[in-house]
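Subject: Structure handover

Hello,

Here is the structure I said I would pass on. My notes follow it.

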Amino acid sequence: MSFGDVSVPKLVAYTGAWTWKKFKSPKESSAELIFEEYNVPNGGENLLGSLKFRNEELYSVGKPMEEVFWLPVDSEWFKIAEQLKVKLERCNSTFCLPTTPKVVYGLKGSSADMFLDNAEYRKFLFREFGVSTVDEESAAVVMTTTSPGIPVIVFRGVSDLAGGEPTWSSTSLMNLASINALKVAVEFIATVGKQKPPISVQRSNN
């Protein structure tokens, strides 16, 4: 993923809920952030210790509470989105990208209540969870709509590289990400609006 691209993820997770572990406690799973691994310049013990990521409690209508980490978008809406043909914008009023951005389907996204501008933590999230976009809203939206059973889908435009920008300034490209995400969302809404209503099928015992 790069500037201006739009991700339509299949799964999102809230990665901002942590449990701090006791100092020098053994590693329980791969998805743990051990701070000493990031000491510079040579690594070594860090009194921050480590933390593990927590599941969220999902309360759905008519179902018992369940602990979840990954939250899926609506499968039928995702299938519709996969068929969209949208040409994304390459330029805004101040800058043109060297290549035309793309729409990517089926990746994973993460959300947390913080703005991520750290290349190493970005790499950690990709390595441990396979996430390709990071934001502050998607997981909350998906959980809130999943609870009462309302269909939901996510469109995320890439406005920066979470601390990994090589040459371009993300501030000059932020609105391009918004424009492209909106273009995909508008096309999706138009396509869903054209869908025929489902046919009700009744079974007779006669």
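Does Ser147 count as buried, partly exposed or exposed, and why? Please keep in mind that this is a predicted model. Ser147 has a relative accessibility of 24%, and therefore counts as partly exposed. The cut-off that matters here is that buried means under 20%. Ser147 belongs to the loop that runs between helix H3 (138-146) and strand E12 (156-157). If neighbours within four places in sequence are set aside, the contacts of Ser147 are Leu58, Tyr59, Ser60 and Val61. Ile34, on the other hand, is 33 Å from Ser147 in space, C-alpha to C-alpha, with the two positions 113 residues apart in sequence.

The overall picture

The protein has 206 residues, of which 35% count as buried. Its secondary structure consists of four helices and twelve strands. Taken along the principal axes, the box filled by the C-alpha atoms is roughly 75 × 55 × 20 Å. Of the contacts between residues at least 6 apart in sequence, 73% join residues at least 24 apart.

The sheet

One open sheet has four strands in the order E8-E2-E10-E11, with mixed pairing. E8 (70-72) and E11 are the edge strands; each has a single partner strand, so one side of each has no neighbour in the sheet. From one strand to the next the twist averages 30°. Helix H2 packs on this sheet and touches E8, E10 and E11, and its direction makes about 130° with that of E11.

Strand E10 (residues 108-111) runs parallel to E2 (residues 11-14), and four bridges join the two. E10 also runs parallel to E11 (residues 131-135), again with four bridges. Lys108 of E10 can be placed in both pairings: Leu11 stands opposite Lys108, and so does Val131 in E11. Together, E10, H2 and E11 make up a β-α-β unit, which is right-handed.

The aromatic residues

A pair of aromatic rings is described by the distance of the centres and the angle of the planes. The count of aromatic pairs in the model comes to eleven. In one of them, Tyr121 and Phe124, the ring centres are 5.9 Å apart and the planes are at 15°, so the pair is stacked. Both residues lie in helix H2 (residues 119-129), three residues apart, or about one turn of the helix. Tyr121 and Phe124 are both buried.

Phe124 also pairs with Phe129: here the centres are 6.5 Å apart and the planes are at 90°, so this pair is edge-to-face. Phe129 is buried, as is Phe124.

Tyr121, Phe124 and Phe129 are among the members of one aromatic cluster, which also includes Trp18, Phe53, Phe69 and Trp70. Lys108 comes up again at Trp70: Lys108 lies over the face of the Trp70 ring, at 4.6 Å from the ring centre.

If you open the model, Lys108 is a convenient place to begin, with Leu11 and Val131 standing opposite and the ring of Trp70 under Lys108. From there you can go on to H2, which packs on the sheet, and to the stacked pair of Tyr121 and Phe124.

Regards

Conventions: Residues numbered from 1 in each chain as written. Predicted model: local features only at pLDDT ≥ 70, side-chain atom pairs only at ≥ 80, totals over all residues. Heavy atoms only, no water. Phe/Tyr/Trp six-rings, centres within 6.5 Å; stacked < 30°, edge-to-face > 60°. Buried < 20%, exposed > 50% of the residue type's maximum accessible area, 1.4 Å probe, protein only. Lys NZ or Arg CZ within 6 Å of the ring centre and 35° of its normal. Pairing = 2+ DSSP bridges. Right-handed = clockwise from strand over helix to strand, strands pointing away. Axes fitted to C-alpha atoms, helices over the stretch in contact; angles between N-to-C directions. Contact = heavy atoms within 4.5 Å.
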